[in-house]
Structure formats: structure tokens, C-alpha cells
Amino acid sequence: MTGYGFALALVGVVLLTIIQLLRTRRLREKYATAWIAVAFVVVVIGVFPDLLFALASLVGVQTPLNLLFALGGVVLLVVCIQFSVEITSLEAETRTLAEEVALLRHDVRRLQTGTDRAEPTAHADPSRAEGTDAGES
Amino acid sequence: MPSTSLERVLLVLPAWNEQDALPGVLDEIRETLPGVGVLVVNDCSSDRTSAIAHAAGVQVLDLPLNLGVGGAMRAGYHFARDHGYDVAVQLDADGQHDPAEVPLLLEALDAKGVDVVIGARFAGRGEYDVRGPRRWAMRLMSWVLSRITGASLTDATSGFKACGPRAIALYAVDYPAEYLGDTIESLVIGARAGLVVTQVGVRMRPRAGGNASHNPLKSLIFLVRAVVALVIALTRPKMSVHDRAVS
């Protein structure tokens, strides 16, 4: 078995895993695209290894293998950055939800106790009805 | 006395594990500012902070996650906006800020067109003492933020702040939760959205528990993080108060 055959087999396994994850909805398509693209590139290079040699001499890299490693590093970096971005937006969403939960809990407590003793403002100004508390976003 | 009725003013107290200091602060508020709205934002404390605040009969927001001061304050501004308060004052639950100084802030806020008033420590009153790199960092921040806001600020990192309706509307949707975001970046956001910032000198008390770090290495880290926070804040896309404000 040649090294290329091994690479192709590996890619096959990776692709099947990704497709299975997509089918069972444990992976969203926006994250799968990058991995499928990587797998596609590996397949192409595995089938036509000469492409890698041509590309290496084109960009001036002495050892084709180094080009492959470098590209692999870049791909991982990009994916990591994408994850960082996603985590940041998840945190922002979590924060908004936490805030909303706290505000709702406050309202629930007020409704349960049926008192407005801690709410002088709501009554001080009749133009601001109680109902305006909830609907805004 | 300022013309804003105290009933239209909400004191927001971000509190994280402040069961020891909180009762004293709440008592003091009751004595010095009768009728004022009080909101304790319990930042997921593991102690009795929430129970104490509920027992005191003030309004309480119990955050289900620890969000930090910035997160707690945005929840507070959100509350202030939804409940129609005209002014929101940030007051530390550790007793560092004296409630008796709040009327000074409100007075300054009454001036025409002022949106944010900072209670400043180094403005001639009180004897708040910070030395070394930390002080330089605070000075540098104040100098830069004075340029940005167009006001003469001596203590930009103070958490003692009063916000008018326009500032509340802005901060209810855009108040950073990052480290130093609640002081430095929030002022940048405000200034760039067209809010008018000013300051008054206040007396600050030593914190009830713990002390500001005077470790040089920590101070240096503080300086670096402050500069990073500032640079990032300055390069963020602008946000207008009119874009997001809820009238």
C-alpha cells in the first residue's frame, strides 16, 4: 500500500464521519464546509501527487512536504479563529439570555407577591403602564 | 437639591459576594436618600447577598451566571430603561462609594445636555491614594479619555457614575462586559455616540474588604490591559445613540 493510498483511506474515513455527523445533526453545515474542503484537497493531492510538486516549485518552496505542512497549519489557524469568533458570539448571546432571565425572575417574583412596594416609579407616573416592562427589546 | 426627583433615580449596585458590606450600604442609602429606587444586581453570588437584598425590600436582579461588573451594569441599565427611570447611578456594593455624594452627581447631571457624570477620586476632595505604575496607568487613561470625551477628567476608571436617559438607552444595549470595559470602553462608546461626559469630585472610602493591588507586576499588567482595551475601543465601529435608543 502506498502512502497515497493510505492518505485516501484516511480521507474516506474523515468524510464518512463528517457526513454521518451532518446526517444526525450533531454538526452544522457551516462548520463542516471547511473540513469537507480540506478532505477534497487531500483527495486531489493524493490522486495527483504531481500537483503538489508543481505547486511547491511555483511558490518557491524547496520541499513539497513543507508546503503541505504549512498549508495544514494555516487551515488549522483559520478554523481556530472561526471557533473563537463563534465562542465570542455565543458568550454575547448567553449574556443577553442571563440578563433576560434575571429580569423575568424579577417580574415573576413581583407578580407572585402581588406587591409593588419596591416599585414607586411604576405608579408615580401613570403614563408608564406596567405592561411596558415586558415587551421591549 | 437637584431638580430630578429621587423617585426617578435608580441606584444600581452590582454585587458579587457582598453579604458583609451590603446591609450597611443599603441602610445608608435609606437614611441619606429616602425614596430613591434601589436595584441590587446579584452577580451570581455564592453567599447570602441575594437573600439580604430581598430581605431589605429593594429590587433585585439575580443573574443566573457571573457576568462581571459590566454584565451586571448592562442588566441594570436595561432594567432602568424598561422601568422608565430618568437617571441610573452606579454605586459599588462594597461601601467604597458614599451614597451621600449621589446628590452631587445628580446636580451635575442636571446641567444642560450632560449625559454622564463621573464621581472622580483625584479631583481635590478626599484622600484616595494610589501609587506607582497603577497610578500612572490611571493618569494615562484619564488623559486619553479627556481628549476623547472633550471633558477634563482626572479619574476615568472610577465606577461611581450617574447616567441620564440618553446614556441609559445606549448602555442598555451596548455596555461591555470585558475587563475594564465598564470604565474605559463604556466612556469611549458614550463619547463616540455623542454623549456629554463630565465629572465631579467625590470622597471615596477605603473598600470594606481587600485593597487595590500595589504589586508592580500586577500594576503593569493592569496598564497593558488598559491600553489594549482603549485601543480596541477606539477602533471599534461607531454606534450612534439615535440608532439604538428606545424613546
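This passage walks through the sheet, the core and two helix pairs of a predicted model.

Chain B is a good place to start. Its fold counts nine helices and seven strands, and of its 247 residues, 50% are buried. Contacts in chain B tend to reach a long way along the sequence: taking those between residues at least 6 apart, 79% join residues at least 24 apart.

The strands of chain B come together in an open sheet of seven, with mixed pairing and the order S3-S2-S1-S4-S6-S5-S7. At its edges stand S3 (59-62) and S7 of chain B; each has a single partner strand, so one side of each is left without a neighbour in the sheet. From one strand to the next, the twist averages 20°. At the S3(B) edge, the partner is strand S2 (residues 37-42) of chain B, and the two pair in the parallel sense over four bridges. Val40(B) is one of the residues involved, with Val60(B) in S3(B) as its bridge partner.

Towards the other edge sits strand S5 (residues 116-120) of chain B, which is mostly covered, with five of its five residues buried. Its side chains split between two directions: Val116(B), Ile118(B) and Ala120(B) point one way, Val117(B) and Gly119(B) point the other way, and all are buried. S5(B) also has a strand on either hand in the sheet order. One of these is strand S6 (residues 161-163) of chain B, which runs antiparallel to S5(B) and is joined to it by three bridges; here Ile118(B) has Lys161(B) as its bridge partner. The other is strand S7 (residues 197-201) of chain B, paired with S5(B) in the parallel sense over five bridges. In that pairing, Val116(B) is matched with Val197(B).

Turning to the interior, the largest nonpolar core has 79 residues, and Leu11(B) and Ile184(B) are the ones with the most contacts inside it. Helix H3 (residues 68-82) of chain B gives the most to this core, namely seven residues. As for Leu11(B), setting aside neighbours within four places in sequence, its contacts are Ile29(B), Val36(B), Gly37(B), Val38(B), Leu39(B), Val89(B) and Leu91(B). Strand S2(B), which spans residues 37-42, thus reappears in this list through Gly37(B), Val38(B) and Leu39(B).

Helix packing comes next. Helix H3(B) also meets chain A: H3(B) and helix H4 (residues 64-113) of chain A pack at an angle of about 50°, their axes 10 Å apart. H4(A) and H3(B) are therefore oblique to each other, and their crossing is right-handed. On the H4(A) side the residues that meet H3(B) are Arg95(A), Glu99(A), Ala102(A) and Leu103(A), and on the H3(B) side they are Gly71(B), Arg74(B), Ala75(B), His78(B) and Phe79(B).

A second pair lies within chain B, made up of helix H5 (residues 132-149) and helix H8 (residues 216-235), whose axes come within 7 Å and cross at roughly 15°. With angles under 35 degrees counting as roughly parallel, H5(B) and H8(B) are therefore roughly parallel to each other. Their crossing is left-handed. H5(B) brings Gly132(B), Pro133(B), Arg134(B), Trp136(B), Ala137(B), Met141(B) and Val144(B) to the meeting, while H8(B) brings Pro216(B), Ser219(B), Leu220(B), Phe222(B), Leu223(B), Ala226(B) and Leu230(B).

Notes. Residues are numbered from 1 along each chain as its sequence is written. Chains are lettered from A and ligands numbered from 1 in the order in which they are written. This is a predicted model: local features need pLDDT of at least 70, side-chain atom pairs count only at pLDDT 80 or more; totals for chains, interfaces and linings use all residues. A residue is buried if 20 or more other C-beta atoms lie within 10 Å of its own, exposed if 12 or fewer, and partly exposed in between; C-beta atoms are placed from the backbone. Two strands pair if DSSP finds at least two bridges between them. Axes are lines fitted to C-alpha atoms, for helices over the stretch in contact, and angles run from 0 to 180 degrees between N-to-C directions. A nonpolar core is a set of buried Ala, Val, Leu, Ile, Met, Phe, Trp, Tyr and Cys residues joined through C-beta atoms within 7 Å. Two residues are in contact if their C-beta atoms, placed from the backbone, lie within 7 Å. Angles under 35 degrees count as roughly parallel, over 145 as roughly antiparallel, 65 to 115 as roughly perpendicular and the rest as oblique. A crossing is left-handed if the near helix is turned anticlockwise from the far one by less than a right angle, and right-handed if clockwise.
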